[in-house]
Amino acid sequence: MGRRRPGTPTLEEVAARAGVGRGTVSRVINNAAGVKESTRRAVQQAIAELGYVPNLAARSLAGRRADAVALVMTEPDWRQFAEPFFSEIVTALGDAVADTGLQLLLTLVRSDAERLRFLEYARGGRVDGVLLMSVHADDPLPDMLAEARMPTVLLGRRSAEEYVSYVDADNVGGARTAVGHLIGQGRTAIATITGPADMYVAQCRLRGYHEALESAGLGGKPSWIAEGDFTEESGRRAMARLIERHPEIDGVLAASDTTAAGALQALRAAGRRVPEDVAVIGFDDFPLAQRTAPRLTTVRQPLEEIGRAMVRLLLEEMEEPSVAWRHVILRTELVLRESA
């Protein structure tokens, strides 16, 4: 689904005005053979009447095609780059870009000064589009790129009102399914270790946790919730606090597999058996989930599909930047293993 951008007319509007299909308009713009002269004139007239400017054609004529896209990582905490999520998604995006003929440039943007430098770099025609990941709620970079009319696609989103194009997983539904599974096993004291509170992905997974408990009439306690930052160490510390506060806890949803791995360490140190005493579910389904002891039940994000969808949306925006912003949410899947 998408939200209409203000600004110049779309390829579809040109096609409707000329009474032809979108493909015919593209062939006329690219001077392709096989288009009747009367049809060509009708399309050209519609382009003139609407003031339509094909983005890639205009940039090519100006000699400003870079044939490169930037993958921008905005996480200010260097520790996060050691987490599996980053290597997995970079691999997925790299594989998706490999078939396009474009160069993928990896860039770190962690401060206001770096944002301004990158914006000028992008405006200078050095990249044709931007893929953004690890964006926090107050990050202005997506807005800056949108104002500069730079084709941009986010991994995830900053809030429910995000307007920049993004691809996301169904984090609410995935968390709700995971907690529902724990409830179905007879677990009644279910805690959660969240991600950073200023990231919408963490808010969504927490919402799914609440929805599952409310649906079952359990009504979780605020003290059953401990904030983490998606890292293993934060999972270990948060789980230790939860055990100390509530020795009766018999189920845990962790906001990531690495957080869950840390929780397993804390449970083992406290003499709790998994899953006999406490069932644990992670989120992501990284290879790590099959190396823990016991192996993690987890919510799988379709990272390869996310990478392909992000690149597809970016290519569409590079071709036609005036169409609606696109918002894609992909399904998650609960993968059952020994920890739950």
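**Close-up 1. R176 sits in helix α8 of this predicted model.** Its neighbours from elsewhere in the sequence are G208, E211 and A212, leaving aside residues up to four places away. With A212, the C-alpha atoms are 5.0 Å apart, even though R176 and A212 are 36 residues apart along the chain. Is R176 buried or exposed? Neither, quite: R176 has 35% relative accessibility, so it counts as partly exposed.

**Close-up 2. Here helix α8 (residues 171-184) crosses helix α9 (residues 200-215).** The two axes come within 7 Å and cross at roughly 40°, and the crossing is right-handed. On the α8 side, the contact is made by N171, V172, A175, R176, V179, G180 and I183. From α9 come V201, C204, R205, R207, G208, Y209, E211, A212 and L213. Sorted by type, the residues in this contact are nine nonpolar, three polar and four charged.

**Close-up 3. Helix α3 runs over residues 37-50.** Its 14 residues reach 20 Å from the first C-alpha to the last, close to the 20 Å expected at 1.5 Å a residue. Right after α3 comes G51, with a positive phi near 70°.

**Close-up 4. This view picks out the buried residues of α3: T39, R40, V43, A46 and I47.** They lie on the same side of α3, because they cover an arc of only 125° around the axis. As a reminder, an α-helix has 3.6 residues a turn, so residues three or four places apart point the same way. What do the buried residues of α3 pack against? Their partners are α1 (11-18) and α2 (22-29).

Definitions and conventions. Residues are numbered from 1 along each chain as its sequence is written. This is a predicted model: local features need pLDDT of at least 70, side-chain atom pairs count only at pLDDT 80 or more; totals for chains, interfaces and linings use all residues. Side-chain values use heavy atoms; hydrogens and water are left out. Axes are lines fitted to C-alpha atoms, for helices over the stretch in contact, and angles run from 0 to 180 degrees between N-to-C directions. Helices (H or I, at least four residues) and strands (E, at least two) are DSSP runs, numbered from the N terminus. A crossing is left-handed if the near helix is turned anticlockwise from the far one by less than a right angle, and right-handed if clockwise. Contact means heavy atoms within 4.5 Å. Ala, Val, Leu, Ile, Met, Phe, Trp, Tyr, Cys and Pro count as nonpolar, Asp, Glu, Lys and Arg as charged, and the others, Gly among them, as polar. The expected span of a helix is 1.5 Å times one less than its number of residues. Buried means under 20% relative accessible area, exposed over 50%, partly exposed in between (1.4 Å probe, protein chains only). The arc is that of the directions from the helix axis to the C-beta atoms.
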